[in-house]
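Grab a pencil and let's work through some exercises together. Try each task on your own before you read the solution under it.

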Amino acid sequence: MLKAGVLGAGHLGKIHLRLLKQSEKYELVGFYDADTASGKKVEAEFGYKFFDSIDALIDAVDVVDIVTPTLSHYECAKQAIAKGKHIFIEKPITNTVEEAEHIRELLAEHNLRGQVGHVERFNPAYLAVKDEIKSPMFIESHRLAEFNPRGTDVPVVLDLMIHDIDIILSVVKSKVKNISASGVAVISNSPDIANARIEFENGCVANLTASRISLKKMRKARFFQKDAYISVDFLDKKCEVVKMKDAPESLGDFDMVLENAEGEKKQIYFDNPHVANNNSILDELESFANAINNNRAPEVTLHDGTEALRVATQIIACFK
């Protein structure tokens with residue numbers, strides 16, 4: 001079991017503490033939070049050991065789980081790496097692309113592992129259809145949330161849309177060619193609703209919408225490719241695959257067939273893959289433990305996190 005410590009005991013930090021405590025791959029050593037009063041309260045309520053300094057916590061563990069505000073990710077990661085510790089770092093990886101690239105360099109120099117918390121990669125609905133997504137040419141995603149003051153210190157692109165940016169970059173095997181976007185600040189001082197269009201060199205186009213001022217929640221993505229349509233509902237953990245194939249000579253009474261202008265007949269069939277019941281955050285944390293123990297690349301590398309941040313930063317630049 002790897003000894004783990006958490007930096008940051010806010011909303012998400014408490015979730016990480018609970019899951020690391022129950023994991024069979026980690027031994028939870030304790031946590032540090034800059035707010036001493038809050039840290040002492042968490043210690044008293046849940047029994048996790050509170051360390052009174054970052055250095056003391058880092059010295060006591062093998063893996064540092066960074067769940068602090070984004071602005072502090074860079075400094076926390078540097079301190080952990082300098083002491084030879086592996087790092088799990090919540091998304092977005094850092095505040096700037098330059099910081100992210102420096103963290104990657106430091107990690108490589110010290111021969112350590114790092115993983116970024118892009119948790120939707122572990123969403124069971126996405127995992128159920130991941131292997132079906134092959135060369136998508138049009139992607140549409142909607143990530144809508146009700147207003148919550150937590151997270152409004154950053155644009156909605158870094159708060160919400162970055163989840164879908166990471167998913168899209170992981171399935172489109174091509175370089176980004178062009179980005180256009182618009183965003184509107186409604187309640188916050190930074191955009192609360194945004195739309196982005198990402199064009200790739202292979203012709204694929206992704207249209208992303210994110211809002212944190214919606215009346216209802218939605219987290220859906222749709223992938224269109226040759227002879228197939230795949231939808232993923234990240235919120236309700238449902239998915240659907242609609243495929244087309246050449247129609248057979250003899251058709252059954254309930255077979256669905258489309259005929260195009262050239263007279264080609266295609267049979268349509270539906271597939272609802274089995275969606276496993278899992279805890280995505282626990283799975284991402286344990287996958288990182290497996291990467292460390294087996295000396296292999298993590299599922300979501302710091303390179304992945306950096307590229308998602310790079311695209312997010314380019315989208316935000318379009319707002320100015």
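## Exercise 1: A proline in a loop

Keep in mind that this is a predicted model.

Pro136 belongs to the loop that runs between helix 6 (124-129) and strand 6 (138-144).

**Task.** Decide whether Pro136 is buried or exposed, and list what it touches beyond its sequence neighbours.

**Solution.**
- Step 1: Look up the relative accessible area of Pro136, which is 2%.
- Step 2: Compare that with the cut-off: buried means under 20%. So Pro136 is buried, because its value is just 2%.
- Step 3: Skip the neighbours within four places in sequence, and the contacts of Pro136 are Val171, Val172, Cys204, Phe223, Phe224 and Gln225.
- Step 4: For a sense of distance, take Leu169: it is 33 residues from Pro136 in sequence, and their C-alpha atoms are 11 Å apart in space.

## Exercise 2: Cysteines without partners

**Task.** Cys204 turned up in the contacts of Pro136. Find out how many disulfides the structure holds.

**Solution.**
- Step 1: Recall that a disulfide is a covalent bond between the sulfur atoms of two cysteines.
- Step 2: Count them in the model: there are zero disulfides.
- Step 3: Check Cys204. Its nearest cysteine sulfur belongs to Cys318 and is 17 Å away. A disulfide needs the sulfur atoms within 2.5 Å, so Cys204 is in no disulfide.
- Step 4: Check Cys239. The nearest cysteine sulfur is that of Cys204, 20 Å away, and Cys239 is in no disulfide either.
- Step 5: Add the accessibility. Cys204 is buried at 0%, and Cys239 is buried at 9%.

## Exercise 3: Two helices and their cover

**Task.** For helix 5 and helix 1, compare the end-to-end reach with the expected one, then say which residues are buried and what they pack against.

**Solution.**
- Step 1: Helix 5 (residues 97-109) has 13 residues. From first C-alpha to last it reaches 19 Å, close to the expected 18 Å.
- Step 2: Its buried residues are Val97, Glu99, Ala100, Ile103, Leu106 and Leu107.
- Step 3: An α-helix has 3.6 residues a turn, so residues three or four places apart point the same way. Go back to the list and look for such spacings, for instance at Ala100, Ile103 and Leu107.
- Step 4: The cover over these buried residues includes helix 4 (73-82), strand 4 (86-90), strand 5 (114-117) and helix 9 (302-317).
- Step 5: Now do helix 1 (residues 11-22). It has 12 residues and reaches 18 Å, close to the expected 16 Å.
- Step 6: Gly13, His16, Leu17, Leu19 and Leu20 are the buried residues of helix 1. Among the elements they pack against are strand 1 (2-7), strand 2 (26-32), helix 2 (36-46) and helix 8 (280-293).
- Step 7: Strand 3 (63-66) and strand 4 are also packed against the buried residues of helix 1. Ile66 lies in strand 3 and is buried at 0%. Its contacts, leaving aside neighbours within four places, include Leu7, His73, Cys76 and Phe88.

## Exercise 4: Unusual backbone angles

**Task.** Which residues have a positive phi without being glycine, and where is the cis peptide bond?

**Solution.**
- Step 1: Start from the usual case: most residues other than glycine have a negative phi, and most peptide bonds are trans.
- Step 2: Asp227 has a positive phi of about 65 degrees. You'll find Asp227 in the loop between strand 10 and strand 11 (228-233), partly exposed at 24%.
- Step 3: Lys237 has a positive phi of about 55 degrees. Its loop joins strand 11 and strand 12 (238-246), and Lys237 is partly exposed at 34%.
- Step 4: Asn111, which follows helix 5, has a positive phi near 55 degrees as well.
- Step 5: The cis bond runs from Lys91 to Pro92, with omega near -15 degrees. Pro92 sits in the loop between strand 4 and helix 5.

## Exercise 5: A nonpolar patch

**Task.** Which residues form a nonpolar patch on the surface?

**Solution.**
- Step 1: The members are Phe147, Val184, Val186, Ile187 and Ile193.
- Step 2: Together they have about 420 Å² of accessible area.
- Step 3: Place one of them: Ile187 is in the loop between strand 7 (176-184) and strand 8 (193-200).

Note on methods. Residues numbered from 1 in each chain as written. Predicted model: local features only at pLDDT ≥ 70, side-chain atom pairs only at ≥ 80, totals over all residues. Heavy atoms only, no water. Patch = residues over 30% accessible without salt bridge, like charges linked within 9 Å, V, L, I, M, F, W, Y side chains within 5 Å. Areas by Shrake-Rupley, 256 points an atom, 1.4 Å probe, with all protein chains shown as cover. Salt bridge = Lys/Arg side-chain N within 4 Å of Asp/Glu carboxyl O. Helix = DSSP H or I, 4+ residues; strand = E, 2+ residues; numbered from the N terminus. Buried < 20%, exposed > 50% of the residue type's maximum accessible area, 1.4 Å probe, protein only. Contact = heavy atoms within 4.5 Å. Expected span 1.5 Å × (residues − 1).
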